[in-house]
Amino acid sequence: MCHSNLVVSSRCGTFILCFSELLPNEAKACDQFLRHKTLLVEPRFFAERGIPIFAAEQKARDLMITFPNAYHYGFNNGFNVAESRNIATPDWLEIGLKAKQVGKTLV
């Protein structure tokens with residue numbers, strides 16, 4: 001079973017600012033610093049700053065979808081074999097074209 005906390009895309013800017021407060025050096029070093037973190041933060045931290053956190057519990061055969069500009073973090077407990085896929089529907093292309101490329105391109 002996977003327990004996830006989710007931040008909706010409309011609050012992602014404020015979410016990033018909150019993490020910038022927690023990790024100021026990392027935020028200054030890279031404007032995409034959240035991609036480099038493996039950090040769990042208590043949801044109350046965000047709730048106290050006006051960012052609603054939604055909890056989800058993923059069970060066997062459940063599908064979780066994270067929309068563009070939304071964030072999620074969580075953990076697995078118990079026996080678990082997990083698989084993750086990155087897919088996009090055609091209406092996400094505009095969002096993807098605005099995304100910043102990070103890292104090296106693999107050919």
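Reader: How many aromatic pairs does the structure hold, and how should such a pair be read?

Author: The general idea is that two rings pair if their centres lie within 6.5 Å, and the angle between their planes then names the arrangement, with over 60 degrees counted as edge-to-face. In this predicted model, the structure holds five aromatic pairs. For Phe 15 and Phe 19, the ring centres lie 5.1 Å apart and the planes stand at 70°, so this pair is edge-to-face.

Reader: Where do Phe 15 and Phe 19 sit along the chain, and by how much of a helix are they separated?

Author: Phe 15 and Phe 19 belong to helix α1, which covers residues 12-22, and because they are four residues apart there, about one helical turn separates them.

Reader: Are Phe 15 and Phe 19 buried or exposed?

Author: The general idea is that a residue counts as buried under 20% relative accessible area. Phe 15 and Phe 19 are both buried, and for Phe 15 the relative accessibility is 3%.

Reader: What is the geometry of the pair formed by Phe 15 and Tyr 71?

Author: The centres of the rings of Phe 15 and Tyr 71 are 4.9 Å apart, and their planes meet at 35°, so the pair is tilted. Because Phe 15 lies in helix α1 and Tyr 71 in strand β3, which covers residues 71-76, this pair ties together parts that are 56 residues apart in sequence. Tyr 71 is partly exposed, at a relative accessible area of 26%.

Reader: Which residues do the ring pairs link into a cluster?

Author: The cluster linked by ring pairs consists of Phe 15, Phe 19, Phe 45, Phe 46 and Tyr 71.

Reader: Which residue lies over the face of Phe 45?

Author: Arg 49 does, at 3.7 Å from the centre of the ring of Phe 45.

Reader: What is the order of the elements around these residues, and how many helices and strands are there?

Author: The protein has four helices and three strands, and from the N terminus on the order is β-α-α-α-β-β-α. Among contacts between residues at least 6 apart in sequence, 76% join residues at least 24 apart.

Reader: What do the totals for the protein say about burial and surface?

Author: Of the 107 residues, 16% count as buried. The accessible surface comes to about 8,600 Å², and carbon and sulfur atoms account for 56% of that area. As for extent, the C-alpha trace spans about 40 × 40 × 25 Å along its principal axes.

Definitions and conventions. Residues numbered from 1 in each chain as written. Predicted model: local features only at pLDDT ≥ 70, side-chain atom pairs only at ≥ 80, totals over all residues. Heavy atoms only, no water. Helix = DSSP H or I, 4+ residues; strand = E, 2+ residues; numbered from the N terminus. Buried < 20%, exposed > 50% of the residue type's maximum accessible area, 1.4 Å probe, protein only. Contact = heavy atoms within 4.5 Å. Areas by Shrake-Rupley, 256 points an atom, 1.4 Å probe, with all protein chains shown as cover. Phe/Tyr/Trp six-rings, centres within 6.5 Å; stacked < 30°, edge-to-face > 60°. Lys NZ or Arg CZ within 6 Å of the ring centre and 35° of its normal.
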